[in-house]
Amino acid sequence: MAKTTKIEWTDFTVNFWEGCQKVGPGCDHCYAEARDIRFTGGSHWGPGAPRRKVKGGVAKLRKINRDAEKFRAENGHWPRVFCSSLSDVFDNAVDPTWRREAFAEIDNAPNTRVQMLTKRVGNVFQMVPPRWIEKGWPQHVGLMITVVNQEEADRDVPKLLDLKGKLGIPWLGLSIEPLLGPVKISPYMATGWDGDIRNAKPAPRLDWIIVGGESGPNARPMHPDWARSLRDQCVAAGVAYFMKQWGEWTPGYADHGNDLEYGLICDAQQYEWPEGYASFRVGKKAAGRLLDGREWNEVPE
């Protein structure tokens, strides 16, 4: 069973429903909303909009789990499954029975490696099944949150780390896409103890950082130093770093190290950074995902 998604850091996407509501600056140019507008006129997006049940979501996850042994033999790892790429599992507007069904199916897919991503970390504890709290978080399920700037990181990452400590979540991640400014996360990746001599265990820390620039017609450029800084913080802390994409804008040939033709950059729209640096709008495919001449594809163990 081959991977069926173009999202670089996962093998499959599974959606139990579609639809959401914008909650921050990273949502301004949401690809999932644009898709919903294209196919339904945007009827599943925004306050009060009904979410759309995806009838094939359950069957898809079951099939991935059934075929997991074969996938692992062919690819060297258990299938990674992003839940949910067109919605948010912890969305307040979702029918609770849909969420209970989703969690039950995730429970019953232990041969997958579920990547659960949310922008609503404050809802996690009260929305996960009681068994995940009382009997332990499923060890095939990791939890990620989206942050796009320093303000969101400082607001939400401590909540995420607190959940790891309380629930025994096997790994935590940040999807920093679109990256809209410099972000310092090294304090959240530091090793150490939790400060209580009675608890001889390391303090919870982040395990995975995904970084990406924005794509789409209204994409905002990402400064290369923002991506480099996050890479350097991860390398110093021994945390997995994944450079997903530059998005629509490349920082240029000389420092980017991408195989872009000189003429492609010369003819492109240019964005001038305050310090005189420039980014060039060449499109997602041409911009690629090399950072200083190499791909960064690290994932947590």
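Helix α1 gives the most to the lining of the largest cavity, with three residues. Keep in mind that this is a predicted model. The cavity itself holds about 40 Å³ of space, and the structure has one cavity of 30 Å³ or more. Its walls are made by Glu18, Gly19, Ala32, Arg35, Asp36, Trp45 and Leu86. By class, that lining splits into three nonpolar, one polar and three charged residues.

Now for the open spaces. Here is how the two largest pockets and the largest cavity line up.

| Space | Volume | Lining by class |
|---|---|---|
| Largest pocket | about 1,200 Å³ | 16 nonpolar, 19 polar, 12 charged residues |
| Second largest pocket | about 300 Å³ | six nonpolar, three polar, three charged residues |
| Largest cavity | about 40 Å³ | three nonpolar, one polar, three charged residues |

The largest pocket, with about 1,200 Å³ of space, is lined by 47 residues, and Ile7, Cys30, Tyr31, Ala32 and Ser85 are the closest to its centre. Four elements give two or more residues to this lining: α1 (31–40), α2 (57–66), β5 (113–118) and β9 (240–245). Helix α1 turns up here again, supplying the largest share of the lining, five residues.

As for the second largest pocket, you'll find His77, Trp78, Arg80, Arg113, Gln115 and Gln139 in its lining, along with Pro170, Trp171, Trp208, Val299, Pro300 and Glu301.

Back to α1 for a closer look. Which of its residues are buried? They are Ala32, Glu33 and Asp36. Looking down the axis of α1, the buried residues fall within an arc of 100°, so they line one face of the helix. Ala32 and Asp36 also belong to the lining of the largest cavity, and Ala32 is among the residues closest to the centre of the largest pocket. Right after the helix comes Gly41, with a positive phi near 80°.

Elsewhere, three strands make an open sheet in the order β10-β12-β11, with antiparallel pairing. The edges are taken by β10 (249–250) and β11 (269–272); each has a single partner strand, so one side of each is left without a neighbour in the sheet. Two bridges link β10 with strand β12 (residues 278–281) in the antiparallel sense. Within that pairing, Thr250 stands opposite Phe280 of β12.

Notes. Residues are numbered from 1 along each chain as its sequence is written. This is a predicted model: local features need pLDDT of at least 70, side-chain atom pairs count only at pLDDT 80 or more; totals for chains, interfaces and linings use all residues. Side-chain values use heavy atoms; hydrogens and water are left out. On a 1 Å grid over the protein atoms alone, a cavity is a set of points where a 1.4 Å probe fits but cannot get out, and a pocket is an open set with protein on both sides within 12 Å along at least five of seven lines; lining residues have an atom within 4 Å of a point. Grid points are joined across faces, edges and corners, and a volume is the space filled by probe spheres set on the points. Ala, Val, Leu, Ile, Met, Phe, Trp, Tyr, Cys and Pro count as nonpolar, Asp, Glu, Lys and Arg as charged, and the others, Gly among them, as polar. Buried means under 20% relative accessible area, exposed over 50%, partly exposed in between (1.4 Å probe, protein chains only). The arc is that of the directions from the helix axis to the C-beta atoms. Two strands pair if DSSP finds at least two bridges between them.
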